[in-house]
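Here is a short briefing on one protein chain. Look at the picture first, then work through the points below.

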Amino acid sequence: MSMTAWCISYKIAKGAYVQDYLVASEQVNNEILSKQKGFVSWKVFADGDTWVDLVTWESEEDAKRAESAGATNPIALKYYSLIDMDSCQQVYYTVERSY
């Protein structure tokens, strides 16, 4: 079984503040994502107005199961409200090698 990287690119919603987004993402990490089976790490990257989350999981099954973990959670819903959901693109990658 190989580790999986969940890569999501997106833009922050119009009118949302970066600092509010960063606080919300930390709350999602601490209260939801990091508590999911197989969670390894979450890194947030930015280049101008494009943001990328790189979330590493022990398996693809763990990653896919976690997709719905916060579907109705108020903390997750606040986080999602700060993202332009129409701009989201999500891909799963198998980690072939790590250095």
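With 99 residues, a compact globule would have a radius of gyration near 13 Å, and the chain agrees, since its own value is 13 Å. Keep in mind that this is a predicted model. The chain holds three helices and four strands. Starting at the N terminus, the elements follow the pattern β-α-β-β-α-α-β.

**Overall build**

- Taken along the principal axes, the C-alpha atoms fill a box of roughly 40 × 30 × 20 Å.
- Of the 99 residues in the chain, 34% are buried.
- Take the contacts between residues at least 6 apart in sequence: 73% of them join residues at least 24 apart.

**The sheet**

- In what order do the four strands sit in the sheet? The order is β2-β3-β1-β4, in an open sheet with antiparallel pairing.
- β2 (39-47) and β4 (83-94) stand at the edges. Each has a single partner strand, so one side of each is left without a neighbour in the sheet.
- From one strand to the next, the twist averages 15°.
- Strands of a sheet pair through backbone hydrogen bonds, and the pairing can be parallel or antiparallel.

**Strand pairs**

- β1 (residues 4-12) and β3 (residues 50-57) run antiparallel and are joined by eight bridges.
- Two bridge partners help you trace this pair. T4 is matched with W57 in β3, and S9 is matched with V52 in β3.
- β2 and β3 also run antiparallel, with eight bridges between them.
- Here S41 stands opposite T56 in β3.
- β2 and β3 form a hairpin, with two residues between the strands. In the turn, G48 has a positive phi of about 65°.

**Helices on the sheet**

- Helix α1 (residues 18-31) lies across β1, β2, β3 and β4. Its direction makes an angle of about 170° with β2.
- Helix α3 (residues 74-81) also lies across β1, β2, β3 and β4. Its angle to β4 is about 110°.

**A closer look at α1**

- How far should the 14 residues of α1 span? At 1.5 Å a residue, the expected span is 20 Å, and the end C-alpha atoms are 20 Å apart, which agrees.
- The buried residues of α1 are Y21, A24, S25, V28 and N29.
- These buried residues cover an arc of only 140° around the axis, which puts them on the same side of α1.
- What do the buried residues of α1 pack against? They pack against β1, β2, β3, α3 and β4.

**One residue: A24**

- A24 lies in helix α1.
- Is A24 buried or exposed? Its relative accessible area is 2%; buried means under 20%, so A24 is buried.
- Leave aside the neighbours within four places in sequence, and A24 is in contact with Y79 and L82.
- A24 and K78 are 54 residues apart along the chain, yet their C-alpha atoms are separated by 7.0 Å.

**To recap**

- The sheet is open and antiparallel, in the order β2-β3-β1-β4.
- Both α1 and α3 lie across its four strands.
- The buried residues of α1 pack against strands of the sheet and against α3.

Methods: Residues are numbered from 1 along each chain as its sequence is written. This is a predicted model: local features need pLDDT of at least 70, side-chain atom pairs count only at pLDDT 80 or more; totals for chains, interfaces and linings use all residues. Side-chain values use heavy atoms; hydrogens and water are left out. Two strands pair if DSSP finds at least two bridges between them. Axes are lines fitted to C-alpha atoms, for helices over the stretch in contact, and angles run from 0 to 180 degrees between N-to-C directions. Contact means heavy atoms within 4.5 Å. The expected span of a helix is 1.5 Å times one less than its number of residues. Buried means under 20% relative accessible area, exposed over 50%, partly exposed in between (1.4 Å probe, protein chains only). The arc is that of the directions from the helix axis to the C-beta atoms. The radius of gyration is taken over C-alpha atoms; the globule rule is 2.2 Å times the number of residues to the power 0.38.
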